[in-house]
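Take a look at the structure below. The walk starts with the ligands and ends with the domains.

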Amino acid sequence: MLTEATLQSVHNETRQGEAYAPFELDNNLYHKKFYIESYGCQMNFSDSEIVASILQAEGFGATRNYLEADLVLLNTCSIREKAEQTIRKRLTEFKKVKDARPGMLVGVLGCMAERLKSKLLEEEKLVDMVVGPDAYRTLPGLIEEAETGQKAVNVMLSRDETYADISPVRLESNGVSAFISIMRGCNNMCSFCVVPFTRGRERSRDAYSIINEAKDLFARGFKEVTLLGQNVDSYYWLPPSPKGVCEEASNNNAVTFANLLEMVAQVNPQLRVRFSTSHPKDITEDVLHTMAKYENICKYIHLPVQSGSSRVLQLMNRTYTREWYMAKVDQIKNIMPDCGISSDIISGFCTEMEEDHKDTLDIMRYSGYDMSYMFFYSERPGTLAARRYTDDVPLDVKKRRLQEIVELQGKLSLESNKRDIGKTFKVLIEGESKRSSDDWMGRNTQNKVIVFAKTGGNLQKGDYVWVKVKDCTQATLLGEMIN
Ligand code: SAH
Ligand code: SF4
Ligand code: F3S
């Protein structure tokens, strides 16, 4: 039986966790301790690293044990109802600790903070602070306020906050791959989605601060960066124009996503570059050619389709049709025949009929996704869909369709992996395999996980090796290192 909002990743050694606490900080230097858990998308995990940096400057050290924390933070997600339920449950657990340790502060950060605002404070006194995604710079003041017993709230959204100058403290890092946030917010209005309301208007971060962050990571031994945004292809940054230069002239210096990708790829050929997420309507041919041009830009695109039915796509306000999406897949495969593609799929959106669902299964086969994140539709208050359409597909039908989608994806993933048997890939070692300390685990350019024996050589994580695929499961390629 599927649980609500099944997050199916065929990568069983995925680096996207449910929640984590930081460990990188040297606690002896700090007079107070904070504990943070992150939920939701990679943007939220990346934001937690900015929060950690802000708190560090305020004298807070990190702990993995919330029982000893002065400050407990939950960086939350509102994307589906289930995500919010999980947070509420966690807050109730923290309340028990809080009752036993009256000095302890509990703060809710992120999308749920933004969506529910001060309403969160009224609920059963679980929370002392509510801080939206654009207000993290004000955390020190808010903590002070909360320490005096007042409830502290800042959920102001900003049109220009990108935290460009804040150096994130890398949390739960494997020391090999890191996220770099390149933009915030989203200007699309997909009718099912709460993100435009919780994250505000789209804005792009200073390109040079991004390059500097990539250079700094590489200098510290990192070998892979993932450029993050809700819609990375609409990245557009204009350097501040010097006095006297007309706007038109300064537009010529604009940095597009394709330009940015190229700039990051040029930091060092040994630094792999990934990005997420692409909106099918915005990924340009320029981006595809830039990917093809640089070996170190990984041949992998997360290209969420959401539905395979043009009628449903229109209601979702995705602004492309089924045919348009398929042509985009063709274009990607023409320019980069070896490019991996993955997707996000929603079952049971308003008015979805059996034939729409069949169209979804069909487009999955057409695209041959290597993996997908699959969900059933969860109505979110305030979204266009909640206001305009009735959530009319019964839950059991949503779940049954999701089950079919998940099963098909399983087959597609296995087929895709089987096609790789006999091929040799350049693999970046991320660490030991979770299952056995005799094996390494890494990824190829298509983002597929490869596990292989640690035979010979003096290797360590962060090294590149060539691995020949001998076998596979649905989730993992199994290989042998070659010289
Ligand atoms: N910006 C990204 C996705 C952000 S949310 C993009 O545009 O692709 C991640 C995924 O959650 C979405 O792609 C969608 O598949 C899913 N999702 C968003 N809102 C949802 C809802 N109300 N119910 C179910 N799934 C949802
Ligand atoms: Fe949500 Fe659509 Fe924006 Fe993605 S592009 S964050 S699905 S509104
Ligand atoms: Fe969730 Fe907010 Fe990300 S709603 S998916 S944490 S942008």
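This is a predicted model. Begin at ligand 1. A shell of 15 residues surrounds ligand 1. The closest of them are F192, Q230, Q306, D344 and S378. By class, this shell holds seven nonpolar, four polar and four charged residues. Two strands stand out as suppliers here. β15 (340-347) and β16 (371-376) each give the shell around ligand 1 at least two residues.

Now follow the polar atoms of ligand 1. One of its oxygen atoms is 3.1 Å from an N or O atom in the side chain of R80. On the nitrogen side, the partners belong to the backbone. A nitrogen atom of ligand 1 lies 3.0 Å from a polar backbone atom of F192. For Q230, a polar backbone atom is 2.8 Å from a nitrogen atom of the ligand. How much of ligand 1 does the protein bury? Taken alone, ligand 1 exposes 540 Å², and the protein buries 90% of that.

Move on to ligand 2. Around it are C186, N188, C190, F192, C193, V195, P196, Q230, H279 and R318. This shell has six nonpolar, three polar and one charged residues. F192 and Q230 appear here, and both were also among the closest residues to ligand 1.

Ligand 3 comes next. Its surroundings are C41, N44, T76, C77, S78, I79, C111, V195, R199 and Q230. They divide into five nonpolar, four polar and one charged. V195 and Q230 are in this list, and they are in the shell of ligand 2 as well. Why does ligand 3 lie between two domains? Domain 1 (18-154) and domain 2 (179-272) both contribute residues to its shell, so ligand 3 lies between them.

That brings in the domains themselves. The assignment for the protein chain lists domain 1 (18-154), domain 2 (179-272), domain 3 (299-419) and domain 4 (424-482). Turn to the last two in that list. The C-alpha centres of domain 3 and domain 4 are 30 Å apart. Eleven residues from domain 3 and ten residues from domain 4 make the contact.

What area is buried between domain 3 and domain 4? It is about 840 Å². Carbon and sulfur atoms give 51% of this area. On the domain 3 side, three residues lead. K299, Y300 and N417 supply 54% of the area that domain 3 buries against domain 4, more than any other three residues.

How values were computed:
Residues are numbered from 1 along each chain as its sequence is written. Chains are lettered from A and ligands numbered from 1 in the order in which they are written. This is a predicted model: local features need pLDDT of at least 70, side-chain atom pairs count only at pLDDT 80 or more; totals for chains, interfaces and linings use all residues. Side-chain values use heavy atoms; hydrogens and water are left out. A residue is near a molecule or strand if one of its heavy atoms lies within 4 Å of it. A polar contact is a pair of N or O atoms within 3.5 Å; within protein, one must be able to donate a hydrogen and the other to accept it, and residues adjacent in sequence count only if both atoms are side-chain atoms. Accessible areas come from the Shrake-Rupley method with a 1.4 Å probe; for residues, only the protein chains shown count as cover. Helices (H or I, at least four residues) and strands (E, at least two) are DSSP runs, numbered from the N terminus. Ala, Val, Leu, Ile, Met, Phe, Trp, Tyr, Cys and Pro count as nonpolar, Asp, Glu, Lys and Arg as charged, and the others, Gly among them, as polar. Domain bounds come from an automatic or database domain assignment. Contact means heavy atoms within 4.5 Å. Buried area is the accessible area (1.4 Å probe) that two parts lose on being put together, summed over both.
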